[in-house]
Amino acid sequence: MSENTKEPKYREDEQIIENKELNIWEALLPVFVLVAMLAYNVYVFGDDALSGSNQFILLLGGAVAAIVGFFNKVSYKQMLAEVAENVRSTTGALLILLMVGALSGTWLVSGIIPAMIYYGLQILNPTIFLAACVIICAIISIATGSSWTTSATVGIALVGIGEALGISLGMTAGAVLSGAYFGDKLSPLSDTTNLAPAMAGGELFSHIKYMTWTTIPTISVTLLVFIILGFTIDTSGVADTDTILATIDNTFNINGWLFLVPLAVIFMIVKKAPPLLALLIGTLLGAIFAVIFQPEIITTIGGGSSLNFESTYKGILNAITVDTAIATSDPALNDLFSSGGMSGMLGTIWLIVCAMVFGGIMDGIGALERITKSLLNMVTSDTGLFASTGLSCIVLNGTASDQYLALVVPGKMFAKAYEERGLAPENLSRTLEDTGTVTSVLVPWNTCGAYHSGVLGVGVGEYAFYAIFNWLSPIMTMIFAAFKIKIKKLVGPSVV
């Protein structure tokens with residue numbers, strides 16, 4: 001994620017709450033209760049669990065953590081203050097989610113997303129489509145430093161193209177996120193890429209260089225798997241491509257000028273414009289292009305019979321704020337050409353806020369610190385230290401529901417241990433990224449999992465298996481640790 005995507009500054013100065021130390025079972029009790037409740041809730045509600053019931057379960061988990069805190073003399077005021085800090089840290093993310101909803105609405109009615117699908121169907125061969133998704137998203141994410149923005153722009157279009165080709169939504173989303181997180185990890189513009197070495201006491205570009213040793217093999221395996229999948233999947237939509245193209249052409253005014261808007265957004269982000277500002281401008285440009293190129297669609301959405309200011313105004317605002325659907329002669333495209341606008345993002349925002357409540361209380365009562373210390377006590381070797389670090393990051397992604405805490409807390413807790421064992425800080429920062437940054441998107445109630453699932457319109461359960469880069473990265477870094485490949489050692493104040 002890039003600067004300003006989630007918060008205006010890094011969180012290396014965040015204080016880990018230190019109260020009367022909990023025993024390990026007290027610290028883990030809220031986690032066990034939460035996991036059990038979430039598991040049962042998903043069993044009962046299935047895919048609808050994220051519609052609201054999971055959010056309430058997170059609040060119940062927070063209540064259990066608060067009870068543990070009260071029994072250990074942690075004040076309500078202290079827990080609430082940490083919750084407030086957690087929610088405050090997500091302000092940027094919540095605003096971006098709203099703006100992504102607005103952007104998707106205007107990009108739909110302006111014909112931008114349909115144009116991407118229209119030309120993509122002609123350019124992207126189904127056989128190489130999944131591998132191309134990885135490469136395209138990797139390039140954009142490196143340039144922007146943001147997996148979030150990559151997902152919200154080109155990612156949405158690629159999922160649409162994949163659906164039109166008859167390719168599984170989960171496969172396409174997995175390819176998109178694999179490429180997006182590869183670029184996010186290696187981009188110097190990414191705040192997680194800056195945060196990891198800051199936590200470990202290392203240097204940015206040394207961290208990036210050292211991280212390539214695990215990241216390049218991982219992305220290579222990922223590409224190979226997607227290439228193989230491309231030769232084996234049944235793309236049933238290919239036979240109907242001509243019909244789909246004709247339907248899109250009859251519904252929208254498709255032309256190359258429409259690509260000026262996404263290019264403008266990408267240009268602004270490359271030039272380090274705040275993503276929120278870039279998305280706002282992209283939304284407004286989409287609205288302008290909708291009036292210019294799709295006046296009939298805007299009139300229909302605005303409830304008018306002829307083009308006038310009132311129907312245009314209503315059409316644009318409806319596309320930005322509420323559910324919008326554009327009818328075509330193809331039922332499959334009717335589902336594709338729909339957008340929830342800003343209102344469509346409210347469920348995801350609700351989930352993030354509730355996740356931050358649970359994570360904030362867990363941090364406020366000292367449970368996160370206690371869990372991490374227990375993992376550290378089990379370390380008997382360098383390999384065990386790497387494994388404990390990675391496990392801490394993954395556990396925190398699932399319990400604190402926040403990618404930043406999954407880097408900050410283990411980074412602070414394990415830095416001294418790495419130093420005492422003569423290990424260079426690059427070892428710690430690489431492990432933080434290989435396990436903390438990438439696995440956040442695999443947890444439905446984590447801010448990253450909720451965001452990408454909401455933006456792409458694909459459930460975490462659908463894409464998790466195909467997000468190969470994301471779950472393979474922790475495995476790769478553990479392989480390097482076990483076989484002592486590229487493990488830097490401290491030599492005095494420097495590393496070799």
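This report describes the nonpolar core, the aromatic pairs, the charged pairs and a few single residues of one protein chain. The structure is a predicted model, and every value below was computed from its atoms.

## The nonpolar core

In soluble globular proteins, nonpolar side chains tend to be buried together. In this model the largest nonpolar core has 147 residues, and Leu 130 and Ile 365 are those with the most contacts inside it. Helix α4, which covers residues 91–109, supplies eleven residues, the largest share of this core.

## Aromatic pairs

A pair of aromatic rings is described by the distance of the centres and the angle of the planes. Seven aromatic pairs are found when the whole structure is searched, and two of them are described here.

One of these pairs is made by Trp 148 and Tyr 451, whose rings are stacked, with 3.8 Å from centre to centre and 20° between the planes. Trp 148 belongs to helix α7 (residues 147–165) and Tyr 451 to helix α22 (residues 447–456), so the pair ties together parts of the chain that are 303 residues apart in sequence. Are these two residues buried or exposed? Trp 148 is buried, because its relative accessible area is 0%, and Tyr 451 also counts as buried, because its relative accessibility is 1%.

Another pair joins Phe 182 and Phe 469, and because their planes stand at 85° with the ring centres 6.0 Å apart, this pair is edge-to-face. The two phenylalanines link distant parts of the chain, since Phe 182 lies in helix α8 (residues 169–186) and Phe 469 in helix α24, 287 residues apart. Phe 182 counts as buried at 10% relative accessibility, and Phe 469 counts as buried at 0%.

A ring can also lie beneath a charge, as Tyr 210 shows: the charged end of Arg 430 sits over the ring of Tyr 210, 4.3 Å from its centre.

## Salt bridges

Side chains of opposite charge can pair when their charged atoms come close. The structure holds four salt bridges, and the table lists three of them, including two that involve Asp 382.

| Residue | Partner | Separation of N and O atoms |
|---|---|---|
| Arg 88 | Glu 85 | 2.8 Å |
| Asp 382 | Arg 421 | 3.5 Å |
| Asp 382 | Lys 489 | 3.3 Å |

The salt bridge of Arg 88 and Glu 85 lies within one helix, because both residues belong to helix α3 (residues 76–89), where a spacing of three residues separates them by about one helical turn. Arg 88 is partly exposed, with a relative accessible area of 39%, and Glu 85 is likewise partly exposed, at 31% relative accessibility.

The two salt bridges of Asp 382 reach across the sequence instead. In the salt bridge with Arg 421, Asp 382 stands in helix α19 (residues 382–399) and Arg 421 in the loop between α20 (403–420) and α21 (425–439), so that the pair links distant parts of the chain, 39 residues apart. Asp 382 counts as buried at 17% relative accessibility, whereas Arg 421 counts as partly exposed at 35%.

The other partner of Asp 382 is Lys 489, which lies in the loop between α24 and β3, so this salt bridge ties helix α19 to a part of the chain 107 residues apart in sequence. Lys 489 counts as partly exposed, with a relative accessibility of 35%. Which residues are joined into one network by salt bridges that share partners? They are Asp 382, Arg 421 and Lys 489.

## Single residues

Most residues other than glycine have a negative phi, and most peptide bonds are trans. Lys 484, although it is not a glycine, has a positive phi of about 55°, and Lys 486, also a residue other than glycine, has a positive phi near 55°. Lys 484 is found in the loop between α24 (468–482) and β3 (490–491), and Lys 486 lies in the loop between α24 and β3 as well. Lys 484 is exposed, with a relative accessible area of 57%, while Lys 486 is partly exposed, at 41%.

Arg 370, by contrast, carries a charge and yet is buried, with a relative accessible area of 15%. Arg 370 is found in helix α18 (residues 367–377), and what does it touch beyond its neighbours within four places in sequence? Leaving those neighbours aside, Arg 370 is in contact with Glu 21, Leu 22, Asn 23, Ile 24 and Ala 27.

Key
Residues are numbered from 1 along each chain as its sequence is written. This is a predicted model: local features need pLDDT of at least 70, side-chain atom pairs count only at pLDDT 80 or more; totals for chains, interfaces and linings use all residues. Side-chain values use heavy atoms; hydrogens and water are left out. Buried means under 20% relative accessible area, exposed over 50%, partly exposed in between (1.4 Å probe, protein chains only). Contact means heavy atoms within 4.5 Å. Helices (H or I, at least four residues) and strands (E, at least two) are DSSP runs, numbered from the N terminus. A nonpolar core is a set of buried Ala, Val, Leu, Ile, Met, Phe, Trp, Tyr and Cys residues joined through side-chain atoms within 4.5 Å. Rings of Phe, Tyr and Trp (its six-membered ring) pair if their centres lie within 6.5 Å; planes under 30 degrees apart count as stacked, over 60 as edge-to-face and the rest as tilted. A charge sits over a ring if NZ of Lys or CZ of Arg is within 6 Å of the ring centre and within 35 degrees of the ring normal. A salt bridge is a side-chain nitrogen of Lys or Arg within 4 Å of a carboxyl oxygen of Asp or Glu.
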